[in-house]
Amino acid sequence: MSATITREITTHSTEETIAFGRTQPASLAPPKLILLRGDLGAGKTTLVKGIAAAFDAAAEEDVTSPTFTLVHEYRGPRANLYHIDLYRVDTPRELETLGLDDLRSENSILLIEWGEKFPRLLRERDVEISFERQGETARRIRIVGLP
């Protein structure tokens, strides 16, 4: 990661997490490889809803977890977002078959859940966003690696 700058915020509802995602386009401008870290249900996909909407790549309600499809693509006028879920990917060989390198371009943002499982992705990430539950609906969101 480049110079490490950290930003931290606590959201108190799904709506606040989406709204926070909508404020991120300037700091997440492509090209970016972003790791999303947090337990199941921590808010990773919820944040992606706001980011995709902010880039005019997808409506919030059209963004869903790529748990079973592994990769969802959202094309927008300013960026192509790839929401990737590696929860069910266990080996470097399985990772290679996804062709993530083919998705990387000057206009792409890769938002990768469970990417910390793979040392290569930890090395290549530009930004890391982690989620920590603070109760039923509150989430502490920490962003490391902003420019």
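## Salt bridges, sheet and a buried helix in a predicted model

The side chains of Arg120 and Asp101 meet in a salt bridge, with 2.3 Å from N to O. This pair links distant parts of the chain, since Arg120 belongs to helix α5 and Asp101 to helix α4 (residues 100-103), 19 residues apart. The structure described here is a predicted model.

**Salt bridges**

Arg120 has another partner: Glu96 forms a salt bridge with Arg120, and the closest N and O atoms are 2.9 Å apart. Glu96 lies in helix α3 (residues 92-97) and Arg120 in helix α5 (residues 119-124), so this pair ties together parts that are 24 residues apart in sequence. Arg120 is buried, with a relative accessible area of 19%, under the 20% limit for that class. Both acidic partners are partly exposed: Glu96 has a relative accessible area of 41%, and Asp101 one of 43%. These residues belong to a network of salt bridges that links Glu96, Asp101, Arg104, Arg120 and Glu124.

In total, the structure holds 13 salt bridges. One of them joins the side chains of Arg140 and Glu8, at 3.8 Å from N to O. Here too the pair links distant parts of the chain, with Arg140 in strand β7 and Glu8 in strand β1, 132 residues apart. Arg140 is partly exposed at a relative accessible area of 27%, and Glu8 is partly exposed at 47%.

The table lists the three pairs described above.

| Salt bridge | N to O distance | Separation in sequence |
|---|---|---|
| Arg120 and Asp101 | 2.3 Å | 19 residues |
| Glu96 and Arg120 | 2.9 Å | 24 residues |
| Arg140 and Glu8 | 3.8 Å | 132 residues |

**The sheet**

Strands β1 and β7 are part of an open sheet of 7 strands with mixed pairing, in the order β1-β7-β6-β2-β5-β4-β3. At the edges stand β1 (6-11) and β3 (71-75); each has a single partner strand, so one side of each is left without a neighbour in the sheet. Neighbouring strands are turned against each other by 15° on average, with direction ignored. Within the sheet, β2 and β6 run parallel and are joined by 4 bridges. Leu36 stands opposite Ile129 in β6.

Helix α1 lies across β1 and β7 (139-144), and runs at about 150° to β1.

**Helix α2 and the loop before it**

Helix α2 (residues 44-54) is mostly covered, with 11 of its 11 residues buried. Among them are Lys44 and Lys49, along with Leu47, Val48 and Ile51. The buried residues of α2 pack against helix α1 (14-22) and against the strands β2 (32-37), β4 (80-85), β5 (108-113) and β6 (127-133).

Ala42 is found in the loop between β2 and α2. This residue is buried, with a relative accessible area of 1%. Leaving out residues up to four places away in sequence, Ala42 touches Phe131, Arg133 and Arg139. The C-alpha atoms of Ala42 and Thr137 are separated by 9.1 Å, although the two residues are 95 residues apart along the chain.

**Backbone features in the loops**

Most residues other than glycine have a negative phi, and most peptide bonds are trans. Several places in this model depart from that pattern. The peptide bond from Pro30 to Pro31 is cis, with omega near -5°, and Pro31 lies in the loop between α1 and β2.

The loop between α2 and β3 holds Asp56 as well as Leu70. Phi of Asp56 is positive, near 55°, and that of Leu70 is positive too, near 75°. Are these two residues buried or exposed? Asp56 counts as exposed, at 54% relative accessibility, whereas Leu70 is buried, with a relative accessible area of 18%.

**A buried acid in β4**

Leu70 is also one of the contacts of Asp85, which include Ser65, Pro66, Thr67, Glu113 and Trp114 when neighbours within four places in sequence are left aside. Asp85 has its place in strand β4. What is the nearest side chain of opposite charge to Asp85? That side chain is Arg88, 6.2 Å away, and Asp85 is buried yet has no salt bridge. A polar atom of the Asp85 side chain does lie 2.8 Å from the backbone nitrogen of Tyr87.

Terms used:
Residues are numbered from 1 along each chain as its sequence is written. This is a predicted model: local features need pLDDT of at least 70, side-chain atom pairs count only at pLDDT 80 or more; totals for chains, interfaces and linings use all residues. Side-chain values use heavy atoms; hydrogens and water are left out. Buried means under 20% relative accessible area, exposed over 50%, partly exposed in between (1.4 Å probe, protein chains only). Helices (H or I, at least four residues) and strands (E, at least two) are DSSP runs, numbered from the N terminus. Contact means heavy atoms within 4.5 Å. Two strands pair if DSSP finds at least two bridges between them. Axes are lines fitted to C-alpha atoms, for helices over the stretch in contact, and angles run from 0 to 180 degrees between N-to-C directions. Lys and Arg count as positive and Asp and Glu as negative; His and the chain ends are not counted. A salt bridge is a side-chain nitrogen of Lys or Arg within 4 Å of a carboxyl oxygen of Asp or Glu. A polar contact is a pair of N or O atoms within 3.5 Å; within protein, one must be able to donate a hydrogen and the other to accept it, and residues adjacent in sequence count only if both atoms are side-chain atoms.
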